[in-house]
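Hello,

Here is the structure we spoke about handing over. Please look through it first; notes on what was found follow below.

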Amino acid sequence: GKNNCVHASLTLEVYKKTGIPSPQMVASMIKMSTAKQYKPETAIECILRPLSVSDMQDLCDACDLAIQDGGGFGWVNLPARETMERYFEGVITVPNRVLFVARLDGTIAGAALLIIPPSNNEAQAHAITLTGHFIAPWARAHALSRKMIEQMEDFARSEGFKVINLDVDEIQTAAIGLYESMGYEKFGENPYGTYKEGRYLK
């Protein structure tokens, strides 16, 4: 009772006079120091072979969250997991499709696809199409989108393409801002581009 109160008072006084931080202060300092030092590892990868089971699960999980947040790889409604897995397996194996994934601390958190024009389309041989670009909500604010676009641009440039075409819905203002900040120019609108929740989006 009384002695405990006195002891606590004296202990706090010692901390105050000697400058020794209290346990609460130490915990707070450690937390702040850890937050300052921690920098998540980011990586962009071009997928050239089938994904491992865990990577496929991470990719589908990220896509699920992106769809729920407004869109992922063109889906408006969540497909069955088996459907999504078969789709990504097909994307990886189909010619003229190049899948890129973004990783945050090793976990796949987003993806995008480059579509190469078929060899018989000589009139469009100079242009490649970027589509299906998404980052899961939990992995945003780490510049993954920008880094992925930059690496896809490097790929397109190395393959001799001069133009990258892409579509983005009018409501995706953050994506539009990102593309414009990277030098992409709007050249038109498709009034029937996307049909979602009973209305067309340009």
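**Salt bridges and aromatic pairs**

Asp69 and Arg140 form a salt bridge, with 2.7 Å between the closest N and O atoms. This pair links distant parts of the chain: Asp69 sits in the loop between H3 and helix H4 (81-93), and Arg140 in the loop between strand E4 (127-135) and helix H5 (144-158), 71 residues apart. Asp69 is partly exposed, at a relative accessible area of 46%. Arg140 is also partly exposed, at 37%.

Please keep in mind that this is a predicted model.

The search of the whole structure gave seven salt bridges. Two others among them share Arg103.

One of these joins the side chains of Glu45 and Arg103, at 2.8 Å from N to O. Glu45 belongs to strand E1 (residues 42-47) and Arg103 to strand E2 (residues 97-104), so this salt bridge ties together parts that are 58 residues apart in sequence. Glu45 has a relative accessibility of 31% and counts as partly exposed. Arg103, in contrast, has a relative accessible area of 13% and is buried, because buried means under 20%.

The other joins Asp55 to Arg103, and here the closest N and O atoms are 2.8 Å apart. Distant parts of the chain are linked again: Asp55 is in helix H3 (residues 53-68) and Arg103 in strand E2, with their positions 48 residues apart. Asp55 counts as buried, at 15% relative accessibility. Taken together, Glu45, Asp55 and Arg103 are linked in a network of salt bridges.

Now to the rings. The structure holds three aromatic pairs. One of them is Tyr87 with Phe88: the ring centres are 5.4 Å apart and the planes stand at 70°, so the pair is edge-to-face. How exposed or buried are the two residues? Tyr87 is partly exposed, at 31% relative accessibility, whereas Phe88 is buried, with a relative accessible area of 0%.

Phe100 and Phe155 form another edge-to-face pair, 5.9 Å centre to centre with 75° between the planes. Phe100 lies in strand E2 and Phe155 in helix H5, so the pair links distant parts of the chain, 55 residues apart. Phe100 is buried, at a relative accessible area of 2%. Phe155 counts as buried too, at 19% relative accessibility, because the cut-off for buried is under 20%.

Strand E2 therefore appears in both topics, holding Arg103 and Phe100.

Regards

Key. Residues numbered from 1 in each chain as written. Predicted model: local features only at pLDDT ≥ 70, side-chain atom pairs only at ≥ 80, totals over all residues. Heavy atoms only, no water. Salt bridge = Lys/Arg side-chain N within 4 Å of Asp/Glu carboxyl O. Helix = DSSP H or I, 4+ residues; strand = E, 2+ residues; numbered from the N terminus. Buried < 20%, exposed > 50% of the residue type's maximum accessible area, 1.4 Å probe, protein only. Phe/Tyr/Trp six-rings, centres within 6.5 Å; stacked < 30°, edge-to-face > 60°.
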